[in-house]
Structure formats: C-alpha cells, structure tokens
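Me: I've got this model open and would like a close look at a single part of it. Could you walk me through one strand and then work outwards from there?

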Amino acid sequence: MNAPVSVRQSRSQPDGATGVPAILLIPAAIAVAFLVLPLAALLVRAPWSTLGSLLSTPEVRDALRLSVVSASLATLISLVVGVPLAWVLARSQIRGRGVLRALVTVPLVLPPVVGGVALLLALGRRGVLGEPLYSATGVSFPFTTTAVVLAQTFVAMPFLIISVEGSLRAADRRYEDAAATLGAGRAMTFRRVTLPLIAPGVAAGAVLCWARALGEFGATITFAGNFPGTTRTMTLQVYLALETDPDAAIALSLVLLAVSILTLGLLRDRWLMRT
Amino acid sequence: MSLSAHVVIQRGSLGVDVALEVKPGEVLALLGPNGAGKSTVLRVLAGLARPHAGLVRLDGQSLDDPAAGIRLAPHRRPIGMVFQDHLLFPHLSTVDNIAFGLRARGSSRAAAHTVAARWVARMHLSEHSSAKPRSLSGGQAQRVALARALAGDPRLLLLDEPLSALDARTKLDVRADLRHHLGDFAGATVLVTHDPVDAMALADQLVVVERGRVVQVGTPVEVSRRPRTDYVARLVGLSLLSGTAHGRAVLLDNGASVQVAEASNGPVFVAIRPASVGLYRSRPDGSPRNVWPATVAGVTPYGETLRVDLEGEVPLTADVSPEAAAELDLVLGAGVWASVKASEVAAYPA
C-alpha cells in the first residue's frame, strides 16, 4: 500500500505549493512571521485617530521637509555622477575596473555609522580635505544640511550605480552600432540612444537610491549631527520621539513604511516579478 | 563612389580574408553560409570592427589602412547601414528614426525633419509617421530602416541580411521594393545574405564566401550556371561533379565517366540540373549515353515535385513528379537507374 502513495506524492511535488516539504515549510513560515509581524504591530499600535495632528507639528513637518529635500538632492547628485560612473564600469576598457567596482560598492555593506566617521575624517573641519578647504574658504560641512545630503549620497549612490550598470550590461549594444553608422559620436549616442534605452533601469536605480537616502540614519547622525530644522531628518526624529512621544514616533514610522511600500510598488516590475 | 576593399580580420578561430570592388550604382552581394565571415566583412566596412590588415578605400579615400595607422571612426564614414533585425530605435517614432542620422550629421531640427518627412512619403509610410517601431509590421520596419540608412545621403550602403527577419509572404514584396530603391541609389551597395534568391534578385555581382575566403566571383547568371563549389551548386540546385575532360568524355575524380555536350580538355566542373535527370526501374535503352545505377538516399518535397538525392558512382539529384515517384517506388535505399542526355550536361574549366 505504501509504495503507490509515495509514488503519487513524489509526482505531485513539482506541480504546486502543496508539494513543499515540511522541513522547509516550517522554517519558511517562521521567517514570514518574523518579517511581517513587526510591521503588523506598527499598524495595530498606530494612533490612527490623532495621526493628522501628530504629523502636523512644526518639528515633524520640518523633519519631513528636510528628509524629502535632502534625499532628492542626494538622488540628483547620484544621477549626475553615478550614471557616468556606471557607464565606465559597464563599458570602458580601463584597467582595474573590478577593483573600482568593489571600491564604489563598499558603502552598500559598510555600517553607515562607519561611513559617517569616514566622512568626518575626510570632510570634517579637521579632515583630510575639510581642513585645507576650511582654511582656504571658510566653508565647513559637518552639522549642516549639506552634510546630510553628503551622508545620504555616500550611502545611497551605490544602489543607483549597481542598478544602472546592470541595465547598461543588459542593453543591446547593437543600437549603439546603429547610431554610429548614422553619424552619431559617442556623446550623442549616449544621450540620444543609450540613455533612453536604459531609462527604466535609471528610474529604478533613482527610486531605490531615494528610498535609501530617505531612510539614512547612522552616517547622518555621525557626520551631520542632530539639529532641528537643519540636520534632523525623519529617521532621527523617529529615534528622538520614541523617548519623548512614542505616538509621534509610530506616526512617523508609518509615513516611512508607506514610502517603502510605495517604492516597492514602483520597482515591482523589476524586482518583485522576477520568478 | 566606388568601393575597393581588402579585409583581413581574425574572428575567433575563423580567419577572414576577402577582397571586393564595387562600382558606383552597383550592388555587390556577399553570399555564403552562416558563419562564413560575411557580416564581419560588413562590420569592417562600417568601421564597427577593426581589420588586422588590408585596405578599405571609398572614392580613393582610405577608411581603413592598418599599415598606415589609418582608421576612420564609424560615425565619420559616409555610410548607411541596414541591420539584420532593423535595430530601429524603440523610443523614437518613424520620422525621428529617419531624422536621426541627419541630426547626428549636423542638420538643424527643422531641416532634418523636412528631409525625413520626404522619405516617409517616398517609402509610403505617411500613416505611420509618428508610430513607434514596435507597432510597425516587418515590411514597414524594413522600409524605415532603409530610409534611415539612405536619408543621410551615404556614398556606401551596407545591408546585413536585410530580408531575413521577414516572413516569406512579406519578403517577396519587400524584395521587389528594395530592388527598386537600390536601383535609385547612386552609391556603392554591399549586401550580405545567405539566401541565393535574394542575392540573385538584388545583386549585379556575387562574391561567394565560405570559411572566410572568396570561393567564386561573378554575375548572378555566371555563378548560377557555373558553380565552382558544392555549396554554390546546392544553393542554385545543381549537382556539381569535378573531373578531367578528354574531348566529350569527362573522367570524374571517382573513376566514373560522363558524356558532355561540348568537347574540351583538362580539369573541368560538370553541372547537371535535377530536372534533366531521368529515373528508371530497369536499365533504359536508347539515346541517353549517361546511364548509372544509383540508390535513393533521400526524398524531399520541392515545390510541385519531389527532389531525390541519389548515391552511387555518380552522386546526383533528380526532380521527379509525385506520380513518377509512386510508380518507381522511391523509398530510401531503393535501387534505380539514372540517366542524363549528354546535351543536358554542362562542363566548364575548373
């Protein structure tokens, strides 16, 4: 009796979700619970009735505005210098490309607080570049909104570079050949052919970059400090509010959660639908 | 506007060494099997691949001269190119695709648009002027690609398998259309194809390339009448044999003998049309001088007839009607007698 049953089971396994063996199903369920329950808790405990007033206090609005503006600037900077770098990594024949790629993607895995320390040592008032800059021009970055943007750019730009480089590698280079036979030099080919072809990848990279910049905490608090109105972004505000006004912290967290879900929605086609 | 090229380039394990001359207004077809190096030659002419040696000159101007260190970048060459799957820019409309080259070569937006609009009308694409490439049919896309290549007024037109992306029905129309436009083009044209029908229909001159080397050059009529390699013979549907002529008898390399129409002496090729081969169940009597026993090695439909591959002392291909095939019981391995009239056998110097 046993043999036919086991045969039937092994046949049905590749067909559907019912074929997941228990040894995988249980840990998988634990993983789902672990990842989803905290977010559910956030929704359960959210002060829905006072949400409006919590989010309209001057501090919260300042933090919100600062976060959106700085993350957008960081994304803009990343686009202006990151897309060309992605092109160099994907297309140029320069030596040491692999090392270069490894170097510029270090911030992806570096603890952000270490990034903040590194930025201080480079661009702080006593920093390697910061000191001569300060003595020559009187300009100093730390504890300014500029520092917020720099910290976010440092942490978020690699996301854009990786995304755009991937798109460039996947793009059909024969379109660039076609442009060349039509008299287009490399600059024009890049602007009028390559860039439009990889536009979806650039957009995805920019969204990812913006979301990462918006969520930046460690590098920001280390390099830019925590000054209301100038460097206190949403994430810093959440952290502070948790001690003084937990409901405000939850309300702000909800906003950031909503932004994250929106980001995933925008990236859906590229990241989630991969089967 | 004449092209004179000798292209030497290594492509993986394939060494390509091809020379060609094209006069103004002339269409030269590079014909050969896939992987023969035809497209590589075209890419060198376009400047997209760098030759190791040789010389590419257009109207006396060197485009490539590796020995002298000369290499003109592709975007500085006065060329137009039509790619295998057209490669229309997917984000640009028909008219913007056509205007692209004009803009790239310095025309103002308005001037480029005027010229492009003229090409749109000339190619009967007016209804699709603002359409994106993905909404065009294969034939329309092919016309856009041709217009895009010609709009810049090139002196050299390069066509890489321009009809291979089309279905059989569309191909007929587009081929006729292409022939018409090539007739109007004053510059030199180099066409790469593996389809002998395209080559015969479009080209003034054929250069047959196999394994990176030129194996035959001539007009379509010359090449189809007197193929010099088995590949060309099969392309044009002839059985090709080689041997040594002694008057009107040719002693084939494998020892068999063939009676031919005209007397000659020395090494020759012998070409036999499949339609001129008769098949019999028993040895025929009477006039045919060339009669050989053979075995059926393959039967495939070929238009209205069946094409029969024969093995034996003289390997041949014969075309027979389906009725005759049934009567002869032409199954694989069946023994038959093949005969050809001497007057139907062409021999020409090897």
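Reply: Start at Leu28(B), which sits opposite Gln205(B) in strand S10 of chain B. Keep in mind that this is a predicted model. The two residues belong to a parallel pairing: strand S3 (residues 27–31) of chain B runs alongside S10(B), with four bridges between them. S10(B) itself covers residues 205–210, and five of its six residues are buried, so to speak of it as mostly covered is fair.

S10(B) has another partner as well. It pairs with strand S11 (residues 213–218) of chain B, this time in the antiparallel sense and over five bridges. Here Glu210(B) stands opposite Arg213(B) in S11(B). The two strands form a hairpin with two residues between them, and Arg211(B) in that hairpin has a positive phi near 50°. If you're checking side chains along these strands, a general point helps: in a regular strand they alternate between the two faces of the sheet.

Now for the wider setting. In the domain assignment, chain B is divided into domain 1 (3–229) and domain 2 (237–349). Taken over C-alpha atoms, the centres of these two domains of chain B are 39 Å apart.

Next comes the nonpolar packing. The largest nonpolar core has 162 residues, and the ones touching the most other members are Ala151(A), Ala29(B), Leu45(B), Leu158(B) and Val270(B). Helix H8 (residues 145–170) of chain A is the biggest giver to this core, with 15 residues. Domain 1 (3–229) and domain 2 (237–349) of chain B both contribute residues too, so the core lies between them.

Leu45(B) is a handy place to zoom in. Setting aside neighbours within four places in sequence, Leu45(B) is in contact with Ala5(B), Val56(B), Leu156(B), Leu158(B) and Val190(B). One of these contacts, Leu158(B), is also among the core residues that touch the most other members.

Last, the place where the chains meet. The contact draws 13 residues from chain A and 17 residues from chain B. On the chain A side, helix H9 (174–181) and helix H10 (186–197) each supply at least two residues. H9(A) gives the most to that side, with six residues. By type, the chain A residues touching chain B are eight nonpolar, three polar and two charged.

Definitions and conventions. Residues are numbered from 1 along each chain as its sequence is written. Chains are lettered from A and ligands numbered from 1 in the order in which they are written. This is a predicted model: local features need pLDDT of at least 70, side-chain atom pairs count only at pLDDT 80 or more; totals for chains, interfaces and linings use all residues. Two residues are in contact if their C-beta atoms, placed from the backbone, lie within 7 Å. Ala, Val, Leu, Ile, Met, Phe, Trp, Tyr, Cys and Pro count as nonpolar, Asp, Glu, Lys and Arg as charged, and the others, Gly among them, as polar. Domain bounds come from an automatic or database domain assignment. A residue is buried if 20 or more other C-beta atoms lie within 10 Å of its own, exposed if 12 or fewer, and partly exposed in between; C-beta atoms are placed from the backbone. Two strands pair if DSSP finds at least two bridges between them. A nonpolar core is a set of buried Ala, Val, Leu, Ile, Met, Phe, Trp, Tyr and Cys residues joined through C-beta atoms within 7 Å.
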